[in-house]
Amino acid sequence: MHNEKMVIGGLPIEIIRKENLKNLYIRINPPAGDVTVSTPVEIKNEDIELFVLKKMPEITKVRDRMLAQERQSKREYVSGESHYLWGKPYRLQVVYEGTHRKIVKTPTKIIMTVPEGTNTKARENLLIEWYRKELKRVLETVVIDCEKKTGIHADEYRIKNMRTRWGTCNIDRRRIWINLQLVKKPIECLEYVVIHELVHLLEKNHTHRFHALIEELCPTWKEVKKILTTMPLDHMEKGEKEKDDEQTDIERYL
């Protein structure tokens with residue numbers, strides 16, 4: 001694998017050539033909208049340029065949306081910070097006492113109790129695990145409702161903290177991955193993503209049939225998608241990437 005730089009349509013593009021790749025893939029990387037193209041080694045530069053130029057309207061659309069979306073400042077997990085749960089902001093209160101770690105939610109606060117001297121990373125991990133349990137609890141009910149509504153069944157659901165996708169679907173294994181960040185959005189966003197991924201078990205790509213099924217099964221999807229693209233995202237450092245399988249992100253949730 002080796003990398004090189006190209007400027008295509010006025011955009012700097014990072015080209016990643018891989019030995020075992022069969023197709024070309026475009027990725028728009030948050031938070032700054034940097035564009036990378038993964039390509040088989042033997043593909044010529046002019047073919048890469050043509051591929052990117054054909055996709056430029058979608059690339060521009062995703063980059064503009066990514067750059068316009070608000071992100072929270074870097075979290076320190078200290079008292080006074082605002083943290084979201086199911087679309088509602090809660091004030092974090094950190095209490096240093098005892099030897100146990102726990103989190104309790106009140107109508108307006110998330111109260112974190114940790115031993116004196118607990119560092120920032122440990123406080124972050126505690127909140128992440130609490131979020132994971134909360135999402136898992138609600139996801140069980142949402143899955144039952146969505147599978148009943150769609151008549152489609154997935155064999156397995158897993159939760160992962162993803163940076164670029166709200167969900168993914170492994171069609172062969174009938175496994176759906178749900179982004180942990182959905183625990184911070186209104187529940188209807190989680191419902192939409194579950195339905196979206198379930199429909200992929202019937203229709204792999206975003207075809208006319210796929211969109212027709214989404215329209216039928218989730219008539220409010222446009223309003224929900226607007227919520228997903230306007231609510232603040234977590235802070236993310238430039239250059240921070242998730243390790244994920246190769247897939248063209250510009251085809252996700254457009």
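This is a short dialogue on reading helices, strands and salt bridges in the structure above.

Me: What kind of model is this, and how are its residues numbered?

Reply: This is a predicted model, in which local features need pLDDT of at least 70 and side-chain atom pairs count only at pLDDT 80 or more, while totals for chains, interfaces and linings use all residues. Residues are numbered from 1 along each chain as its sequence is written, and side-chain values use heavy atoms, with hydrogens and water left out.

Me: Which residues of helix 4 are buried?

Reply: Buried means under 20% relative accessible area, exposed over 50%, and partly exposed in between (1.4 Å probe, protein chains only). Helices (H or I, at least four residues) and strands (E, at least two) are DSSP runs, numbered from the N terminus. In helix 4, which spans residues 208–217, the buried residues are Phe210, Leu213, Ile214 and Leu217. Seen down the helix axis, they fall within an arc of 100°, so they line one face of helix 4. That arc is taken from the directions from the helix axis to the C-beta atoms.

Me: What does the face turned away from the buried side of helix 4 carry, and what do the buried residues pack against?

Reply: The face turned away carries the exposed residues His208 and Glu216. Contact means heavy atoms within 4.5 Å. The buried residues of helix 4 pack against helix 2 (120–150), helix 3 (187–200) and helix 5 (221–230).

Me: How is strand 11 paired with strand 9 and with strand 10?

Reply: Two strands pair if DSSP finds at least two bridges between them. Strand 9 (residues 156–160) pairs with strand 11 in the parallel sense over five bridges, and Glu156 has Arg175 in strand 11 as its bridge partner. Strand 10 (residues 167–170) and strand 11 run antiparallel and are joined by four bridges; here Asn170 has Arg175 as its bridge partner. Strands 10 and 11 form a hairpin with four residues between them, and Arg174 in the turn has a positive phi of about 50°. Four of the five residues of strand 11 are buried, so this strand is largely enclosed by the rest of the structure.

Me: Is Asn179 in strand 11 buried or exposed?

Reply: Asn179 lies in strand 11 (residues 175–179) and counts as buried, at 2% relative accessibility. A polar atom of the Asn179 side chain lies 2.9 Å from the backbone nitrogen of Gln181. Leaving aside neighbours within four places in sequence, the contacts of Asn179 include Leu135, Met162 and Trp166.

Me: How many salt bridges are there?

Reply: Side chains of opposite charge can pair when their charged atoms come close. A salt bridge is a side-chain nitrogen of Lys or Arg within 4 Å of a carboxyl oxygen of Asp or Glu, and by this rule the count comes to seven. One of them joins Lys121 and Glu124, with the closest N and O atoms 3.4 Å apart. Both residues lie in helix 2, three residues apart, about one turn of the helix. Glu124 is partly exposed at 21% relative accessibility. Another salt bridge joins Arg137 and Glu134, at 2.5 Å between the closest N and O atoms; Glu134 is buried at 12%.

Me: Which residues do salt bridges that share partners join into one network?

Reply: The side chains of Arg158 and Glu156 meet in a salt bridge of 2.6 Å, N to O. Shared partners join Glu156, Arg158 and Arg175 into one network of salt bridges.

Terms used:
Polar contact = N/O pair within 3.5 Å; in protein donor to acceptor, adjacent residues only side chain to side chain.
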